[in-house]
Number of protein chains: 2
Amino acid sequence: MPYRETDATRRRAEERRTSLLMAARALVARHGFAGAKVSAIADTAGTSTGLVYSYFDNRDELLATVFRESASQELDTTRQATAAAGPDVTGRLDAFIRTFAGRALRGRRLAWALLFEPVSPLVEAERLVYRRAYIDIAEHLVRDGIDTGAFAAQHPGVSGAATIGAISESLIGRLNPLGHDSLDGLPDETIIDDIVRYCHRALGAPAIEPKETPR
Amino acid sequence: MPYRETDATRRRAEERRTSLLMAARALVARHGFAGAKVSAIADTAGTSTGLVYSYFDNRDELLATVFRESASQELDTTRQATAAAGPDVTGRLDAFIRTFAGRALRGRRLAWALLFEPVSPLVEAERLVYRRAYIDIAEHLVRDGIDTGAFAAQHPGVSGAATIGAISESLIGRLNPLGHDSLDGLPDETIIDDIVRYCHRALGAPAIEPKETPR
DNA sequence: TGAAGGATTGAAGGATGATTCAATACTACC
DNA sequence: GGTAGTATTGAATCATCCTTCAATCCTTCA
């Protein structure tokens, strides 16, 4: 019985799979999910289109995996930055917003794909999971702030969702590869500062004056 | 030269066109834009699929028209309710939020289609216009509030966008025909009250206590 | 009523991409 | 090298809808 699955073959298969995922990820980061066509992914990975189907059941599942990996990396980074900001709730909220918004503005196309691009229901389901995770972070912050008396009394779930919404809607104009930005002309940093102040007020936190003097 | 275009024929054509639009609108309100397939629209309107193309250049244009009509009706209603709330900025903000959120929750599927459903670029462009219009309303309110001393000093554009985002993100869980709502269990009215309070705080407006005693 | 010409039909044609699969190329082991 | 079995290829096939268009039906007006 010649030919057996061996370490070498397993490793090669793993590499193939990874290279397909990396190719898809690169395409998504550059052209969005719509640009990640099976043939383009295969081309980019240097394989035939057919091979994609020995590594993934179908395109949707592949894209959902790409979404999961990219989104979870973003989420981890944001989580860590938030946690690293220390014990003060207000400072953690600040770090959360700045990390989330800052990263989105630095990788606009990817951020747009992850946050707003129209996607298939399977990928949308994945998005819902991550959206929920961000809301959870915000919700915990709010709860914490209420408990320690740093924030006003409020419904943590609603305020968490509202905060995520406030941040992302403020960014959407900048991220959308089409539409014009109503906030055009403002530097990114200014916008982020304004969002931070908005959210602090919304949660009833004491204002943090940014280093720059306010307009 | 028999057969001339006449009042009767013109009227009938107008009716045909309208019935196609109504059919499409009904389908969108029930199944979203994805459910408004050309054949389904034609069936619902009681015509052949081919006929659709003597009244509209293509499906996208028809759907963009449907979007425009539905969205502008929503916008008008919200605008009027806001204006009708009187001269007090805080009260107008309150009316704006309650009208927007209340209507969305009453017509969830339509609201979801208009606000969040993945659509073609042409329809998305239409959505951008209306999104911008809502932000404009909020932005004006903010500017007004700042001028009259009712709101804190802030960037009206950013705060306008953030406010729209806060409202819609709080609703998204309820509107999405798929995903579960993290705010499940809360009655709509409670959520709206919480959103109102959130936004008032965010803009630095004096709190408005709702008639109901807060939780 | 009948002829001219617009309105309507719906099956065929296209477009776009995902997916399959028979053929071919490799790999591992003797 | 030979062979059993796996990996890879990529052209053909499918699937889904939108869009077209030759044939047919309807209106209008003399």
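These exercises, each with a worked solution, walk through a predicted model of two protein chains and two DNA strands.

Residues are numbered from 1 along each chain as its sequence is written, while chains are lettered from A and ligands numbered from 1 in the order in which they are written. Local features need pLDDT of at least 70, side-chain atom pairs count only at pLDDT 80 or more, and totals for chains, interfaces and linings use all residues; side-chain values use heavy atoms, with hydrogens and water left out.

**Exercise 1. Relate the two chains**

Find the rotation that superposes chain A on chain B, and say what relation it describes.

*Solution.*
- Step 1: Superpose the copies by least squares on the C-alpha atoms of residues with pLDDT of at least 70 in both.
- Step 2: Read off the result: a rotation of 179° with 0.0 Å of shift along its axis, at an RMSD of 0.1 Å. That is the relation of a two-fold axis.
- Step 3: Locate the axis. A202(A) is the residue of chain A that comes closest to it, its C-alpha lying at 1.8 Å.
- Step 4: Compare the interfaces. In chain B, 100% of the interface residues of chain A are interface residues too, so the copies meet through the same surface.

**Exercise 2. Map the surface near DNA strand C**

Work out which residues and helices surround DNA strand C, and which part of the strand they approach.

*Solution.*
- Step 1: Collect the residues near the strand, meaning those with a heavy atom within 4 Å of it. There are 22, and the closest are Y3(A), Y53(A), R59(A), S48(B) and Y55(B). Sugar and phosphate make up 70% of the strand's atoms that come within 4 Å of the protein.
- Step 2: Sort by helix, a DSSP run of H or I with at least four residues, numbered from the N terminus. At least two residues each come from α1 (7-31) and α3 (49-55) of chain A and from α3 (49-55) of chain B. The largest share, 4 residues, belongs to α3(B).
- Step 3: Sort by class. The surface has 9 nonpolar, 8 polar and 5 charged residues; here Ala, Val, Leu, Ile, Met, Phe, Trp, Tyr, Cys and Pro count as nonpolar, Asp, Glu, Lys and Arg as charged, and the others, Gly among them, as polar.
- Step 4: Pick out polar contacts (N or O atoms paired within 3.5 Å; within protein, one must be able to donate a hydrogen and the other to accept it, and residues adjacent in sequence count only if both atoms are side-chain atoms). Phosphate oxygens of DNA strand C lie 2.8 Å from a side-chain N or O atom of R59(A), 2.8 Å from a polar side-chain atom of Y55(B) and 3.2 Å from a polar backbone atom of V38(A).

**Exercise 3. Repeat for DNA strand D**

Describe the surroundings of DNA strand D in the same order.

*Solution.*
- Step 1: DNA strand D is surrounded by 22 residues, the closest being R16(A), Y55(A), Y3(B), Y53(B) and R59(B). Among its atoms within 4 Å of the protein, 72% are sugar or phosphate and the rest belong to bases.
- Step 2: α3 of chain A, with α1 (7-31) and α3 of chain B, each give at least two residues. Here α3(A) supplies the largest share, 4 residues.
- Step 3: The classes are 9 nonpolar, 8 polar and 5 charged.
- Step 4: Phosphate oxygens sit 2.7 Å from a side-chain N or O atom of Y53(B) and 2.9 Å from a polar side-chain atom of R16(A). A base nitrogen lies 3.4 Å from a polar backbone atom of G50(A).

**Exercise 4. Check helix α4 of chain A**

Test the span of α4(A) against expectation, then describe its ends and buried residues.

*Solution.*
- Step 1: The expected span is 1.5 Å times one less than the number of residues. For the 26 residues of α4(A), 59-84, that should be 38 Å; the end C-alpha atoms are 37 Å apart, which agrees.
- Step 2: At its start, a side-chain oxygen of N58(A) is within 3.2 Å of the backbone nitrogen of D60(A). Just after the helix, G86(A) has a positive phi of about 100°.
- Step 3: Buried residues (under 20% relative accessible area, 1.4 Å probe, protein chains only) include L63(A), F67(A), S70(A), E74(A) and T78(A). Their cover, by contact (heavy atoms within 4.5 Å), includes α5 (89-106) and α7 (121-147) of chain A.

Definitions and conventions
Buried means under 20% relative accessible area, exposed over 50%, partly exposed in between (1.4 Å probe, protein chains only).
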